[in-house]
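Biologist: I am new to this structure and would love a guided close look at one part of it. Could you take the aromatic rings as the starting point and then walk me outward from there?

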Amino acid sequence: MSSDQSPKGTAPRRTTARAASVTTPAPAATVAPASSGLAGSSPWAYAPAPESREIVTIRQRYGLFIDGKERAPSGGEVTITYNPATEEPLAEIAKGTPADADRAIEAADRAYRKVWSKLHPRERAKYLYRISRILQERSREFAVTETMDSGKPIRESRDVDVPLAAAHFWYYAGWADKLEYAVPGRRPEAHGVVGQVIPWNFPLLMLAWKIAPALAAGNTVVLKPASTTPLTALLFADVCRQAELPDGVVNIVTGPGSTGMSIVTDPRVAKVAFTGSTSVGVTIAKGIAGQGKGLTLELGGKAANIVFEDAALDQAVEGVVNGIFFNQGEVCCAGSRLLVQESIAEEFLARLRDRMSMLRIGDPMDKNTDIGAINSKAQMESIGELVASGVAEGAQIWQPACDLPTRGWFFRPTLFTNVAQSHRIAREEIFGPVLATITFRTVSEAIEKANNTAYGLSAGIWTEKGSRILQVASALKAGVVWANTFNRFDPTAPFGGYKESGYGREGGMQGLHAYLRSS
Ligand code: NDP
């Protein structure tokens, strides 16, 4: 049983904002009146619009997916995956061991040498197209499973995670027989077996980001999902069977971080891809140092969302809200630092508070929900600890009034003002619905403050001036810079960071390079 979650009741019940202050440090928090906006007891409150769970059959127990078959873990142990919105146990998950990782790598190695590397690239492409089509056909099943296992709103899993995952397989299917165009003048070759470790914030999407380019480039895969969100990866195993993908081309090994380490350090694994925390990224980089493996690391972020005085303010408010509250802020590229020009700060923050008062927090299965459940109790505690540090260090906290369910892990959207750059909430990745506001006067001050971070994953610019967009974007040390929008993803666009946000790119042609050796 994973230590950070515990089973309790079932359906979420609701309580008032003040009774739910368990999610945040009570001292100094300013909570808006409950009658504001459409929240609370307003006659304009939304009626419940729950998505049905009936399309999904969650089994009592899941094994490992090795060599095309479901297998029991060699140690015989299981962990439990929970619904973070209700704290109810969903299923028992095989606790894969290093011995299981070894079996999976052996299967992937055999499949690479005997089958996958011998297939004509056009035939590989057909499998990827087939997987994409099946993901589309089974999209509701995937969306409901993802929401139940991760806590993210069904609106996001339905409209973002699942369609984007299918789009990645579709996009990379197109590359499979055109690899020489990705590395002109050189001969593209697959690495062989790749080891991939993914996090819990976008379980299916991160799987697609990793498996689609790997297979298109001709590699075979051993993937370890996060322990709190294994279900869509295991459902994906079923898609592989349905697509009649040759045995061993994709292997899914559930289990703890140590099993992930066994996968990535195995000498038969020629390339490693990891998404997750900077600390584990560093451990992996150290663990495989000197082995000559390819490595891409997609780690954390502390993105600045910069609003200039000439920006379309309502549009910018919408973008700032999307930037930090999408997926409860559990997003590596979340716009968690709001940099707003001093001349408009007061007005902008007033509009932002109004908009935040309209956010609907609660049952992720409700189609009207904007902010769902935090993925785990451990993550809740981590957010709470950082928010408490913000209060203790002297920043001003504000939260809208909103009802929170009494069960499950929910955190009220939080806005900090009076934030100094030295505060922990301005420096550390919170990975929750918490926005830290810093003001600036000049363009150069905005750039300096935006770059004043150990991370370098993403940033946002809000201005009506095209020349300012170009000037600021080229001065920002961030892998992705959005202008007058935020959190836009597309399979054709590369994504990745600088500094402690990692290295290497995923997505687009650049994402393919990571899975190719070229001679
Ligand atoms: P981790 O980095 O620990 O987990 C990510 C993945 O790595 C999981 O599959 C995890 O397995 C696995 N893992 C853990 N330890 C090892 C190891 N030594 N070797 C190989 N694989 C390992 O993230 P957390 O879940 O602990 O989240 C902590 C913080 O990390 C968050 O608060 C957030 O700030 C950041 N984070 C960033 C993400 C991003 O997208 N950049 C995604 C997730 C978290 P298991 O689940 O079994 O522990």
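Biologist: How many aromatic pairs does a search of the whole structure find?

Modeller: Happy to walk you through it, and please keep in mind that this is a predicted model. Searching the whole structure turns up 12 aromatic pairs. Let us begin with tryptophan 482 and phenylalanine 486, whose ring centres are 4.7 Å apart. Their planes meet at 50°, so this pair counts as tilted. Both partners are out of the solvent's reach in the sense used here: tryptophan 482 is buried, and phenylalanine 486 is buried too. The two also belong to a wider group, since ring pairs join Trp209, Trp482, Phe486, Phe489 and Phe495 into a cluster.

Rings also meet charged side chains here. Arginine 59 sits over the face of tyrosine 62, 4.5 Å from the ring centre. In another place, arginine 505 is over the face of tyrosine 498, with 5.6 Å to the ring centre.

Now let us follow the cluster member Trp209 to helix H6, which covers residues 203-216. This helix has 14 residues and spans 20 Å from its first C-alpha to its last, close to the 20 Å expected at 1.5 Å a residue. H6 is mostly covered, with 14 of its 14 residues buried. Just after H6 comes glycine 218, which has a positive phi of about 100°.

That angle leads to a small detour about the backbone. Most residues other than glycine have a negative phi. Glutamate 87 is not a glycine, yet its phi is positive, near 65°. You will find glutamate 87 in the loop between strand E6 (78-82) and strand E7 (89-94). It is buried, with a relative accessible area of 6%, because buried here means under 20%. Glutamine 328 is another non-glycine residue with a positive phi, in this case near 60°. Its place is the loop that runs between helix H10 (313-325) and strand E15 (337-341). Glutamine 328 has a relative accessible area of 0%, so it too is buried.

Helix H10 brings us to the pockets. The second largest pocket has a volume of about 540 Å³. Two elements, helix H4 (154-175) and H10, give two or more residues to its lining. H10 provides the largest share, 6 residues. In total 22 residues line this pocket, and those nearest its centre are Arg155, Glu156, Glu318, Asn322 and Phe326. Sorted by class, the lining of the second largest pocket holds 9 nonpolar, 6 polar and 7 charged residues.

The last stop is the largest pocket, with a volume of about 850 Å³. It is lined by 41 residues, and Trp200, Phe274, Gly276, Ser277 and Val280 are the closest to its centre. Helix H8 (257-265), strand E12 (269-275), helix H9 (278-288) and helix H12 (377-392) each contribute at least two residues to that lining. By class, the lining of the largest pocket is made up of 18 nonpolar, 17 polar and 6 charged residues.

If you would like one place to return to in the viewer, try the tilted pair of tryptophan 482 and phenylalanine 486, and then trace the ring cluster they share with Trp209, Phe489 and Phe495.

Conventions: Residues are numbered from 1 along each chain as its sequence is written. This is a predicted model: local features need pLDDT of at least 70, side-chain atom pairs count only at pLDDT 80 or more; totals for chains, interfaces and linings use all residues. Side-chain values use heavy atoms; hydrogens and water are left out. Helices (H or I, at least four residues) and strands (E, at least two) are DSSP runs, numbered from the N terminus. Buried means under 20% relative accessible area, exposed over 50%, partly exposed in between (1.4 Å probe, protein chains only). On a 1 Å grid over the protein atoms alone, a cavity is a set of points where a 1.4 Å probe fits but cannot get out, and a pocket is an open set with protein on both sides within 12 Å along at least five of seven lines; lining residues have an atom within 4 Å of a point. Grid points are joined across faces, edges and corners, and a volume is the space filled by probe spheres set on the points. Ala, Val, Leu, Ile, Met, Phe, Trp, Tyr, Cys and Pro count as nonpolar, Asp, Glu, Lys and Arg as charged, and the others, Gly among them, as polar. Rings of Phe, Tyr and Trp (its six-membered ring) pair if their centres lie within 6.5 Å; planes under 30 degrees apart count as stacked, over 60 as edge-to-face and the rest as tilted. A charge sits over a ring if NZ of Lys or CZ of Arg is within 6 Å of the ring centre and within 35 degrees of the ring normal. The expected span of a helix is 1.5 Å times one less than its number of residues.
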